[in-house]
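Q: Please take a close look at the surroundings of the ligand in this predicted model. Which kinds of residues form the shell, and where does the ligand lie?

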Amino acid sequence: MNVAIIGAGIAGLTAARELRERGAQVTVFEKSRGLGGRLATKRLHWGHVDIGAQYFTARDERFKAQVDRWMAQGFVARWEFTPHAIDARKGLVRPKDSSIRYVGTPSMNSLAHALADKVEVRFNSRIQSLTQSSEGWRVEISDGEPVDDCYDWVVLSLPAEQSQSLLADTPIGHKIPQDIHQACWALALATCGEVAPEIQGIFGDELVSWVSRLSARPQRNISKPYDDLWMLHFAGEWSDTKGKHLPDNFTQLGLEWLSATLNKPLKLAYAYPHYWRYARVKPDKVKPVVIADKTKGLAAIGDWSAGGRVEGAYLSALDFVDYFFD
Ligand SMILES: Cc1cc2nc3c(=O)[nH]c(=O)nc-3n(C[C@H](O)[C@H](O)[C@H](O)COP(=O)(O)OP(=O)(O)OC[C@H]3O[C@@H](n4cnc5c(N)ncnc54)[C@H](O)[C@@H]3O)c2cc1C
């Protein structure tokens, strides 16, 4: 069986691994130059910065077992800290918290690298159309080399909105939910100024919803001309309103917010902004579903179809493969 998987995020790579283990010939097509999708790590000259998911949790027993294996292999570590939160009257507080948080080591995309072992991935390959003939599915890469192979199955592992545009004329196109993701403006800041070591992550407010102190996470020791590396994730509603054009004075806005939140004037060393059009599934749109057509050999998976988040992406692939290939 010949399978094309579109997207080299956690869902696509998990599906690739599982199908390979069942004897399928698998090719993954990825539009970018690297693995991991929303577990992206940006290599800047002043540091390696996780710009997407900052950590993940594990609730399902199947995912917990996978996380244990990754930990044993050194791809994942626990991020042991208690997040702070903002209290309007008291400032930074530390509410009780029992979540176990994990990070990829040395960076978030290590999970993707672990999954991609022995998987054929074609990078810089944005799929722009799918067509089916009596020989199977053909995929077309925009501005790329023609793909000669035909596939028995095509599995899309993209945010639902992006899958919908490729599947519009297929029998499963109408089943893909729309308008379910929120955007996120992300801002990496390298700063000078001493900050208390116990502040490692902050649940923010309606402007900045989450802050990671990247330089405090496992295996992220820095030896640079700055004291700390932070990642600010701006809130979904705010980011949706701003859209993809860099908000005015964005770096200054983030720096002032961080300094005010920490009650400490910080000096800027470096900054890097990134816009995620489809970042996280809106909480009220999380609806587990398997969308596939076995007779056509067509499926759409991804975090949005199994509860959102990194865990959902992994489980969406497992559910699909277990259902159709066991
Ligand atoms: C800012 C941010 C914060 C987050 N915080 C958390 C968190 O704290 N905890 C948590 O668990 N999760 C978090 N998430 C969500 C988590 O990152 C995602 O749920 C998960 O990584 C999604 O994996 P996926 O494989 O479903 O999709 P993706 O990772 O989006 O993978 C899809 C892949 O398809 C590729 N692609 C798209 N279109 C095409 C095309 N036409 N042709 C070829 N390739 C294509 C993309 O480049 C991408 O690599 C966050 C995400 C973001 C962006």
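A: Start with composition. The shell around the ligand holds 16 nonpolar, 10 polar and 7 charged residues. Of these 33 residues around the ligand, Ala11, Glu30, Arg38, Tyr55 and Asp303 come nearest.

Next, the polar contacts. Arg38 makes one through its side chain: an N or O atom there is 2.7 Å from an oxygen atom of the ligand. Backbone atoms take part as well. A backbone N or O atom of Ile10 lies 3.1 Å from a ligand oxygen. For Val310, a polar backbone atom is 3.0 Å from an oxygen atom of the ligand. Coverage follows. On its own, the ligand has 1000 Å² of accessible area, and the protein covers 94% of this.

Now the elements. Those that give two or more residues to the shell are α1 (10-21), β17 (267-281) and α7 (309-325).

Then the domains. Domain 1 comprises 2-39 + 111-179 + 285-325, and domain 2 comprises 61-109 + 180-281. Both give residues to the shell, so the ligand lies between them.

One last detail concerns two strands within the bounds of domain 1. Strand β1 (residues 2-6) pairs with β2 in the parallel sense, over 5 bridges. One of the residues involved is Ile6, whose bridge partner in β2 is Phe29. Strand β2 spans residues 25-29, and 4 of its 5 residues are buried, so this strand is largely enclosed by the rest of the structure.

Notes
Residues numbered from 1 in each chain as written. Predicted model: local features only at pLDDT ≥ 70, side-chain atom pairs only at ≥ 80, totals over all residues. Heavy atoms only, no water. Near = heavy atom within 4 Å. Polar contact = N/O pair within 3.5 Å; in protein donor to acceptor, adjacent residues only side chain to side chain. Areas by Shrake-Rupley, 256 points an atom, 1.4 Å probe, with all protein chains shown as cover. Helix = DSSP H or I, 4+ residues; strand = E, 2+ residues; numbered from the N terminus. Nonpolar A, V, L, I, M, F, W, Y, C, P; charged D, E, K, R; others polar. Domains from an automatic or database assignment. Buried < 20%, exposed > 50% of the residue type's maximum accessible area, 1.4 Å probe, protein only. Pairing = 2+ DSSP bridges.
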